[in-house]
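Subject: Structure handover

Hello,

Here is the structure for you to look over. My notes on what was found follow below it.

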Amino acid sequence: MRVVDTSAWIEWLLDSPTGKQLAADLPAEADWLVPSIVQLELNKWLTRELGETRADQVIAFSMTCVVINLDSRIALLAADLHREHGLSTADAIIYATARDQGAELLTCDAHFKDLPGVRYYAKTAWLMES
């Protein structure tokens with residue numbers, strides 16, 4: 001089981017060099033855990049950057065994976081992780097979801113880099129072709 005952070009989704013969807021590297025570590029749909037807050041972040045980003053049609057397609061795919069909704073247990077764990085690691089609210093929820101589910105977190109966000117249970121891919125600079 002693996003939680004894929006929003007940053008990893010974006011790199012994968014853009015087919016960036018980092019996205020190509022991490023693609024081998026993307027889980028099968030049955031093992032791909034999607035915190036509902038990742039759906040929110042993805043929908044916001046996709047609608048702004050790639051349009052509503054692409055956002056709808058990606059969110060539809062995310063719903064074929066295992067969606068984990070925010071509940072009190074995850075929220076309270078996220079509060080602890082926020083205090084312990086200085087994570088933003090959204091990042092604390094994503095990390096708490098992975099911890100709660102006993103899953104690894106796949107991410108490209110450097111603030112997760114040294115945390116336990118994280119598979120981190122550094123973003124590489126690149127230019128998108130038009």
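Arg83 is exposed, at 59% relative accessible area. Please bear in mind that this is a predicted model. The partner of Arg83 in a salt bridge is Asp80, with the closest N and O atoms 2.4 Å apart. Asp80 is partly exposed, at 38%, and the two sit three residues apart in helix H5, about one helical turn.

In total the structure holds eight salt bridges. Another one pairs Glu104 with Arg2, where the closest N and O atoms are 2.5 Å apart. Glu104 belongs to strand S4 and Arg2 to strand S1, so this pair ties together parts 102 residues apart in sequence. Arg2 is buried, with a relative accessible area of 15%, while Glu104 is partly exposed at 22%.

Lys123 and Asp109 also meet through their side chains, at 3.9 Å from N to O. Lys123 comes in the segment after strand S5 and Asp109 in the loop between S4 and S5, so the bridge links parts 14 residues apart in sequence. Shared partners further join Arg2, Asp25, Glu104 and Arg119 into one salt-bridge network.

On the nonpolar side, the largest core has 38 residues, of which Trp9, Leu42, Tyr95 and Leu105 touch the most other members. Helix H6 gives the most to this core, with six residues. Leaving out residues up to four places away in sequence, Tyr95 touches eight residues, including Leu81, Leu105, Phe112 and Val118.

Helix H1 is mostly covered, with seven of its nine residues buried; Trp9, Ile10 and Glu11 are among them. After H1 comes Asp15, which has a positive phi near 55°.

Regards

How values were computed:
Residues are numbered from 1 along each chain as its sequence is written. This is a predicted model: local features need pLDDT of at least 70, side-chain atom pairs count only at pLDDT 80 or more; totals for chains, interfaces and linings use all residues. Side-chain values use heavy atoms; hydrogens and water are left out. A nonpolar core is a set of buried Ala, Val, Leu, Ile, Met, Phe, Trp, Tyr and Cys residues joined through side-chain atoms within 4.5 Å. Buried means under 20% relative accessible area, exposed over 50%, partly exposed in between (1.4 Å probe, protein chains only). Helices (H or I, at least four residues) and strands (E, at least two) are DSSP runs, numbered from the N terminus. Contact means heavy atoms within 4.5 Å. A salt bridge is a side-chain nitrogen of Lys or Arg within 4 Å of a carboxyl oxygen of Asp or Glu.
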